[in-house]
Amino acid sequence: MTGTLPAEAETVIIGGGIMGLGIAYELARRGRSDVVVLERSYLASGASGRNGGGVRMQWSTEMNIRLMQESIEICRAFASEMGINIWLRQGGYLFLARTEAERARMERNVALQQRCGVPTEMIEPRHIRRIVPELNTDGIVAACYNPRDGIVFPWPFLWGYAARAAELGVSLHLYTAVTAIEHLGPRGFLVHTSKGLVRAERVINAAGAWSPEVARMVGIQLPNYPHRHEILSTEPLKPFLRPMVSVLQSGLYFSQSMRGEIVTGITVPDEARQVRLGSRLLFLELLAREIVRLVPQFAGVKVLRQWAGPYDISPDGHPILGEAPGVPGFYLCCGFVGHGFMMAPVVARYYAEWLCGGPRHPIFDRCTLSRFSGSPIDPEEMIIG
Ligand SMILES: Cc1cc2nc3c(=O)[nH]c(=O)nc-3n(C[C@H](O)[C@H](O)[C@H](O)COP(=O)(O)OP(=O)(O)OC[C@H]3O[C@@H](n4cnc5c(N)ncnc54)[C@H](O)[C@@H]3O)c2cc1C
């Protein structure tokens, strides 16, 4: 994963998160392994190493529902295909509504999910405790539950992609920051890094919350922006919780890890649009109040670790994909908000398929940068955090 930087490559991928590594692996698997991945820090240093590992089919747009159905199938096959256990547990996702407006939205989404073949069901408040008996359902007006949603352990996912991509010939360079990009017209790009230069026919910007910075290196302005998202894990408790539970109103979510820790986050409003990774007391206060209201037994449980990662917010909740207008050969793969981990397996697969001359999946026509200056698409509503 280190070594001398090659002078040339067909494809340079900027960012060694789940997106960059996923695309690298999928390209190499199709015989296009002349790929250099440039990561300025350690593996899993970005959002991909800091997230909650949730994978779900419960969305408000058909595009996301269908993509995530496929993604979960890829997750299910990941261990056997990649030779690494990602600890996928399909314990479901239980969403809770506190208002009538949320209930109405939930009913619409559940109907759409069912039309797409997802077995999500509306749950009456009096039946919620059949799924999680410990919940205090006071003030909850409705819930929905899909037993096939689940949780993965993010790190082995990255390690699996990185190891298999490297075996197939991809050159992965950690601690190698991209500092400038020269567009050489039809001759491609000269990518300047902290370790030297690489000439590339094609560059893929998979730099997550830092992608606007990278895009500016070729004169492209992106509408996505970083937003700090905090999360914590507690001391281990005796395993009792199968699903991920989430409250729509507050953006609270929590699940229980294989080791028994409660892993939980919540939306904290009014954040600056910068990558900030510090931990705040405000987050702890908001989270403690909301989670203890919902599960009174959590009062007094010790917090072991609190951390933050950058959400990469796109204005309509959908990613920004495809070739950047006016810069042929410069591809975008960013703006995944708080659900990029679960989208990565399927997006990486379709991206590589298209770049290798195969069919172009409709997401590359819908999720363009140009939609923000003319042809908007339906925003995604089921964003948590
Ligand atoms: C707390 C939290 C919880 C989340 N929970 C979930 C969840 O439950 N489910 C889910 O699906 N998603 C979740 N997400 C979102 C998910 O983690 C991201 O959408 C996904 O990891 C994005 O992957 P990425 O590869 O685009 O970005 P990243 O993983 O951030 O990777 C980008 C990489 O680019 C590198 N980079 C940046 N600039 C440069 C440069 N100039 N040169 C070289 N390298 C550079 C960075 O160091 C970084 O490693 C969560 C995110 C957070 C923060």
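**Exercise 1. Find which part of Ala47 lies 2.9 Å from an oxygen atom of the ligand.**

*Solution.* Start at Ala47 and look along its main chain: a backbone N or O atom of this residue lies 2.9 Å from an oxygen atom of the ligand. Keep in mind that you are looking at a predicted model. Next, move on to Ser48, where a polar side-chain atom sits 2.5 Å from a ligand oxygen atom. Finally, go to Phe341, whose backbone N or O atom is 3.1 Å from an oxygen atom of the ligand. With these contacts in view, you can add that the protein covers 97% of the 1000 Å² of accessible area that the ligand has on its own.

**Exercise 2. Describe the shell of residues around the ligand, and work out why the ligand lies between domain 1 and domain 2.**

*Solution.* Step one is to pick out the residues that come nearest: of the 37 around the ligand, these are Glu39, Ser48, Gly54, Gly340 and Met342. Step two is to sort the shell by type, which gives 18 nonpolar, 16 polar and 3 charged residues. Step three is to ask about secondary structure: helix 1 (18-29), strand 12 (225-234), strand 16 and helix 8 (340-355) each supply at least two residues of the shell. Step four brings in the domains. Domain 1 (8-49 + 155-224 + 316-373) and domain 2 (91-150 + 225-311) both contribute residues to the shell, so the ligand lies between them.

**Exercise 3. Decide whether Ser314 is buried or exposed, and list its contacts beyond its neighbours within four places in sequence.**

*Solution.* First locate Ser314: it is in the loop between strand 16 (303-313) and strand 17 (320-323). Its relative accessible area is 2%. Buried means under 20%, so Ser314 is buried. Then set aside the neighbours within four places in sequence; the contacts of Ser314 are Asn224, Ile320, Gly335, Val337 and Arg371.

**Exercise 4. Work out what the phi value of Val337 is about, and where Val337 lies.**

*Solution.* Here is the background: most residues other than glycine have a negative phi. Val337 is not a glycine, yet its phi is positive, about 50°. You will find Val337 in the loop between strand 18 (330-334) and helix 8. At 10% relative accessibility, Val337 counts as buried.

Now try Tyr175 in the same way. Its phi is near 50°, a positive value in a residue other than glycine. Tyr175 lies in the loop between strand 8 (171-173) and strand 9 (178-183). With a relative accessible area of 48%, Tyr175 is partly exposed.

How values were computed: Residues are numbered from 1 along each chain as its sequence is written. This is a predicted model: local features need pLDDT of at least 70, side-chain atom pairs count only at pLDDT 80 or more; totals for chains, interfaces and linings use all residues. Side-chain values use heavy atoms; hydrogens and water are left out. Helices (H or I, at least four residues) and strands (E, at least two) are DSSP runs, numbered from the N terminus. Buried means under 20% relative accessible area, exposed over 50%, partly exposed in between (1.4 Å probe, protein chains only). Contact means heavy atoms within 4.5 Å. A residue is near a molecule or strand if one of its heavy atoms lies within 4 Å of it. A polar contact is a pair of N or O atoms within 3.5 Å; within protein, one must be able to donate a hydrogen and the other to accept it, and residues adjacent in sequence count only if both atoms are side-chain atoms. Accessible areas come from the Shrake-Rupley method with a 1.4 Å probe; for residues, only the protein chains shown count as cover. Ala, Val, Leu, Ile, Met, Phe, Trp, Tyr, Cys and Pro count as nonpolar, Asp, Glu, Lys and Arg as charged, and the others, Gly among them, as polar. Domain bounds come from an automatic or database domain assignment.
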